[in-house]
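Here are my notes on the model you sent over. I've gone through it point by point, so keep the structure open while you read.

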Amino acid sequence: KQGTCVGIYEGETLSRRMVMARYWGPDETPGDDEWAEKRLNRVVGVSGDYIFQPDPTNNDRYIDGEDFDVANWCRFMNHGFDLECVVLHLAVSQSRPPLLRNHFIPT
């Protein structure tokens, strides 16, 4: 139904540098190797297929929904081509930077 929240995209919040180092670029650090090894030992992928950029105006905030220990079913919504939902960003804390939740709302 239009205007109803269908889910909250959750996962590890990453900066652009972290995404580039872990998935998309040659900027890998020794810490990233350790991160990948720990994930693979837990049988969690390191493909980068579940990276979500909730706000295109903020090029330094991404959510990694690949790790099922911190993500949820909304990571599968990231793979559609037809725009059926909009993302509503809600601050759930007053911390700096604020903790945000990304709600998917049907259009």
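1. A cut-off to start with: buried means under 20% relative accessible area, exposed means over 50%, and partly exposed is whatever falls in between. Trp24 has a relative accessible area of 44%, so it is partly exposed. Please keep in mind throughout that this is a predicted model.

2. The overall layout. The protein has two helices and six strands. Read from the N terminus, the elements go β-β-α-α-β-β-β-β. Out of 107 residues, 32% count as buried. The accessible surface is about 6900 Å², and carbon and sulfur atoms account for 55% of that. If you take the contacts between residues at least 6 apart in sequence, 57% of them join residues at least 24 apart.

3. Back to Trp24, and to the rings. The structure contains four aromatic pairs. In one of them, Trp24 and Tyr62 meet edge-to-face, with 6.0 Å from centre to centre and 85° between the planes. What does this pair tie together? Trp24 belongs to helix H1 (residues 16-24) and Tyr62 to strand S4 (residues 62-64), so the pair links parts that are 38 residues apart in sequence. Tyr62 has 3% relative accessibility and counts as buried, whereas Trp24 is partly exposed.

4. Another of the aromatic pairs is Tyr50 with Phe76. This one is edge-to-face too, at 6.1 Å centre to centre and with 85° between the planes. Here both partners come from loops: Tyr50 sits between helix H2 (30-41) and strand S3 (51-52), and Phe76 between S4 and strand S5 (85-91), so parts that are 26 residues apart in sequence are tied together. Is Tyr50 buried or exposed? Its relative accessibility is 18%, so under the 20% cut-off Tyr50 counts as buried. Phe76, at 48%, counts as partly exposed.

5. While you are looking at Tyr50, check Arg75 as well. Arg75 lies over the face of the Tyr50 ring, 5.4 Å from the ring centre. Tyr50 therefore has an arginine over its face as well as an edge-to-face pairing with Phe76.

6. Next, the sheet. Three strands make up an open sheet, ordered S2-S4-S3, with antiparallel pairing. Strand S2 (12-14) and S3 are the edge strands, and each of them pairs on one side only. S3 and S4 are joined in the antiparallel sense over two bridges. If you want a specific spot to click on, Ile51 has Asp64 in S4 as its bridge partner.

7. H1 against the sheet. H1 packs on the sheet and touches S2, S3 and S4, and its direction makes about 105° with that of S2. Which residues of H1 are buried? They are Val19, Ala21, Arg22 and Tyr23. These buried residues pack against S2, H2, S3 and S4. I'd pause at Arg22, an arginine among the buried residues of H1.

8. Ala71 deserves a look of its own. Ala71 is in the loop between S4 and S5, and with 16% relative accessibility it counts as buried. What does Ala71 touch? Leaving aside residues up to four places away in sequence, Ala71 is in contact with Glu10, Gly11 and Gly65. Ala71 and Gly11 are 60 residues apart in sequence, yet their C-alpha atoms are 4.4 Å apart in space.

9. Now to the N-terminal end. Gly3 lies in the segment before strand S1 (7-9), and at 56% relative accessibility it counts as exposed. Gly3 and Cys85 are 82 residues apart in sequence, with 9.4 Å between their C-alpha atoms.

10. One backbone item to finish. Most residues other than glycine have a negative phi. Val43 is not a glycine, but has a positive phi of about 60°. Where is Val43 found? Val43 is in the loop between H2 and S3, and it counts as exposed, at 69% relative accessibility.

Note on methods: Residues are numbered from 1 along each chain as its sequence is written. This is a predicted model: local features need pLDDT of at least 70, side-chain atom pairs count only at pLDDT 80 or more; totals for chains, interfaces and linings use all residues. Side-chain values use heavy atoms; hydrogens and water are left out. Rings of Phe, Tyr and Trp (its six-membered ring) pair if their centres lie within 6.5 Å; planes under 30 degrees apart count as stacked, over 60 as edge-to-face and the rest as tilted. Helices (H or I, at least four residues) and strands (E, at least two) are DSSP runs, numbered from the N terminus. Buried means under 20% relative accessible area, exposed over 50%, partly exposed in between (1.4 Å probe, protein chains only). A charge sits over a ring if NZ of Lys or CZ of Arg is within 6 Å of the ring centre and within 35 degrees of the ring normal. Two strands pair if DSSP finds at least two bridges between them. Contact means heavy atoms within 4.5 Å. Axes are lines fitted to C-alpha atoms, for helices over the stretch in contact, and angles run from 0 to 180 degrees between N-to-C directions. Accessible areas come from the Shrake-Rupley method with a 1.4 Å probe; for residues, only the protein chains shown count as cover.
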